[in-house]
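Work through the following exercises with the sequence and the three-dimensional view side by side, and try each task before reading its solution.

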Amino acid sequence: MVDDLYQETILDHSKRPRNHHSMEDANRKAEGYNPLCGDKLRLYLKIDDDIVQDASFEGSGCAISTASASLMTDSLKGKTREEALKLMEKFHDLLTTDTPASRDLGKLVVFCGVRDYPARVKCATLAWHTLKSALSNTGEPVTTE
Ligand code: ZN
């Protein structure tokens, strides 16, 4: 039952991704690529006073990578840089370990089922790898390889 609900949320976000547009006044950008699946995305962030004021993305990819970017950009707004990085760690734990999902993850828990499909984990984490690059501002395109 819970799984159905999770899948519905993922499907909804992949069909109607939130924050799916470019951002002209973004002050952080990064690109990510998952060669395993062909997912590509460009992430835009607007950070003021160390807080993510706005987040958006463009790109094309499978349902999981699109839904992950959609839910991630939603989750980032209003977070500090440090909070964003902590959320990234918790999301990574959710996908790779058996530890119970942290409550801070909010809607991001819908991706817990991806854990059972190792090949799709990279689809779900692509947006987050790209986020890390945007926050550290290396400007280097990231791949999940
Ligand atoms: Zn994918």
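**Exercise 1: a residue in a helix**

In this predicted model, alanine 67 lies in helix α2, which spans residues 63-76. Decide whether alanine 67 is buried or exposed, and find which residues it touches beyond four places away in sequence.

Solution. Begin with the relative accessibility, which is 0% for alanine 67; since buried means under 20%, alanine 67 counts as buried. Next, list its contacts, leaving out residues up to four places away in sequence: they are Ile10, His13, Ser14 and Phe111. Finally, place the helix itself, for α2 lies across β2 (39-48) and β3, and runs at about 165 degrees to β3.

**Exercise 2: the zinc ion**

Identify the protein donors of the zinc ion, and establish where cysteine 62 and cysteine 123 lie along the chain.

Solution. The donor atoms come from Cys37 (SG), Asp39 (OD, listed twice), Cys62 (SG) and Cys123 (SG), at 2.2 to 2.6 Å from the ion. Along the chain, these donors follow the spacing C-x1-D-x22-C-x60-C. Cysteine 62 sits in the loop between β3 (51-60) and α2, whereas cysteine 123 belongs to helix α4 (residues 118-136), so that the pair, 61 residues apart, links distant parts of the chain. Cysteine 62 counts as buried because its relative accessibility is 16%, and cysteine 123 is buried at 0%.

**Exercise 3: the sheet**

Work out in what order the four strands are arranged, and which of them stand at the edges.

Solution. The open, mixed sheet has the order β3-β2-β1-β4. Strands β3 and β4 (142-143) each have a single partner strand and therefore stand at the edges.

Key: Residues numbered from 1 in each chain as written. Predicted model: local features only at pLDDT ≥ 70, side-chain atom pairs only at ≥ 80, totals over all residues. Heavy atoms only, no water. Helix = DSSP H or I, 4+ residues; strand = E, 2+ residues; numbered from the N terminus. Buried < 20%, exposed > 50% of the residue type's maximum accessible area, 1.4 Å probe, protein only. Contact = heavy atoms within 4.5 Å. Donors = N, O, S within 2.8 Å, 3.2 Å for Na, K, Ca; no water. Pairing = 2+ DSSP bridges. Axes fitted to C-alpha atoms, helices over the stretch in contact; angles between N-to-C directions.
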